[in-house]
Amino acid sequence: MNKWLKTILFLAGSALLTRFIPFSSLFRNLDTMIHEFGHALVTLLLSGKVLRIELYANHSGVTYSAIQAGGKAILVSLAGYPLASLFSLLLFYLYAKGRHQWGLVLATGVALIMLLLYVRGGFGVLWLSGFIVLNVAMLVFWKKVSKYYYLLLAFLTLEESVTGTLYLLSLSIISPDRAGDASNLARLTPLPAVVWTLLFFGLSLLCAKWALGFFFKDAKGEVSKVNS
């Protein structure tokens with residue numbers, strides 16, 4: 001079977017099956033957290049100022065920042081979706097290397113930074129606090145189940161990175177002014193929103209293909225160990 005078709009079918013199946021896992025919707029906010037952190041991180045790297053970050057229960061978020069207009073503003077708007085896709089890839093890479101604890105520590109560190117410095121009140125504070133507490137519990141007290149918890153986070157983040165850009169693509173076609181980061185980039189550059197969403201979607205699929213490659217490679221390794 002073609003690897004791209006296999007990737008798409010596996011993502012579709014995974015997205016359907018994970019809907020039946022209790023409270024899985026809450027963990028999908030990890031993708032949103034990384035997305036908004038991407039905007040904040042690039043803002044800081046370009047000597048801008050992050051004013052605040054808001055996370056919402058519907059898996060959306062907003063980063064308010066002060067940055068010089070022009071190229072820097074483009075890079076900040078560009079950062080969210082690619083970083084979220086790359087983070088999902090990193091989670092699967094660490095899993096394949098047997099370092100899932102590192103992934104949990106990294107996600108917890110990002111959540112802690114956002115909680116202490118940028119998120120103020122509302123759903124964001126509650127979600128970040130609960131996420132941090134649960135991750136620490138997995139790392140310290142529930143080590144035996146932490147691997148399966150990590151895989152849940154990895155798959156949910158991977159799904160959201162793809163479906164989020166696919167939804168953005170539909171918005172950029174139907175209502176270009178409401179396509180979030182793509183709309184901002186369209187205002188800042190000569191390219192229309194649909195071109196930017198196609199780039200985001202293409203990168204998310206590429207990262208998904210590589211991520212699943214790491215997952216299946218690790219699964220084959222486990223089978224070989226059992227058979228040997």
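In this predicted model, the charged end of Arg52 sits over the ring of Tyr64, 4.0 Å from the ring's centre. Arg52 has another partner too: its side chain meets that of Glu54 in a salt bridge, with 2.9 Å from N to O. As for how open this spot is, Arg52 comes out as partly exposed, at a relative accessible area of 34%. Glu54 is also partly exposed, and its relative accessibility is 22%.

That brings up charge pairs in general. Side chains of opposite charge can pair when their charged atoms come close. How many salt bridges does the structure hold? The count is three. Besides the bridge between Arg52 and Glu54, there is one in which the side chains of Arg28 and Glu159 meet, at 3.0 Å from N to O. This pair reaches across distant parts of the chain, since Arg28 is in the loop between α2 (24-27) and α3 while Glu159 is in helix α7, 131 residues away. Arg28 also meets the side chain of Glu160 in a salt bridge, this time at 3.2 Å from N to O. Here again the loop between α2 and α3 is tied to helix α7, because Arg28 lies in the loop and Glu160 in the helix, 132 residues apart in sequence.

Are these residues buried or exposed? Arg28 has a relative accessibility of 3%, so it counts as buried, the cut-off being under 20%. Glu159 is buried at 2% relative accessible area, and Glu160 is buried at 12%. Take the salt bridges with shared partners together, and Arg28, Glu159 and Glu160 end up joined in one network.

Helix α7 turns up again among the aromatic residues. The structure holds nine aromatic pairs. One of them is made by Phe27 and Tyr149: the ring centres are 5.8 Å apart and the planes stand at 80°, so this pair is edge-to-face. Phe27 sits in helix α2 and Tyr149 in helix α7, which means that the pair ties together parts 122 residues apart in sequence. Both Phe27 and Tyr149 are buried. Another edge-to-face aromatic pair is that of Tyr93 and Phe214, with 5.4 Å from centre to centre and 75° between the planes. Tyr93 belongs to helix α4 and Phe214 to helix α9 (residues 193-227), so this pair ties together parts that are 121 residues apart in sequence. Tyr93 is partly exposed, with 36% relative accessibility, and Phe214 is partly exposed as well, with a relative accessible area of 25%. There is also an aromatic cluster, made up of Phe92, Tyr95, Phe155, Phe215 and Phe216.

Phe27 is worth a second look. Its home is helix α2, and its relative accessibility is 16%, so it counts as buried. What does Phe27 touch once its neighbours within four places in sequence are left aside? Its contacts are then Leu134, Tyr149, Leu152, Leu153 and Leu156. Gly48 makes a nice contrast: Phe27 and Gly48 are 21 residues apart in sequence, yet their C-alpha atoms are 30 Å apart in space.

Last comes helix α5, which runs over residues 100-117. Does its length fit what a helix should give, and what is the expected span? With 18 residues at 1.5 Å a residue, α5 should span 26 Å, and its end C-alpha atoms are indeed 26 Å apart, so the two values agree. The buried residues of α5 are His100, Gly103, Leu104, Ala107, Thr108, Val110, Ala111, Met114 and Leu115. These buried residues cover an arc of only 160° around the axis, which means they lie on the same side of α5. Turned away from that buried side is a face carrying the exposed residues Trp102 and Leu116. And what covers the buried residues? The cover includes the helices α3 (29-45), α4 (71-96), α6 (122-140) and α7 (143-174), along with β1 (49-55).

Note on methods: Residues are numbered from 1 along each chain as its sequence is written. This is a predicted model: local features need pLDDT of at least 70, side-chain atom pairs count only at pLDDT 80 or more; totals for chains, interfaces and linings use all residues. Side-chain values use heavy atoms; hydrogens and water are left out. Helices (H or I, at least four residues) and strands (E, at least two) are DSSP runs, numbered from the N terminus. The expected span of a helix is 1.5 Å times one less than its number of residues. Buried means under 20% relative accessible area, exposed over 50%, partly exposed in between (1.4 Å probe, protein chains only). The arc is that of the directions from the helix axis to the C-beta atoms. Contact means heavy atoms within 4.5 Å. A salt bridge is a side-chain nitrogen of Lys or Arg within 4 Å of a carboxyl oxygen of Asp or Glu. Rings of Phe, Tyr and Trp (its six-membered ring) pair if their centres lie within 6.5 Å; planes under 30 degrees apart count as stacked, over 60 as edge-to-face and the rest as tilted. A charge sits over a ring if NZ of Lys or CZ of Arg is within 6 Å of the ring centre and within 35 degrees of the ring normal.
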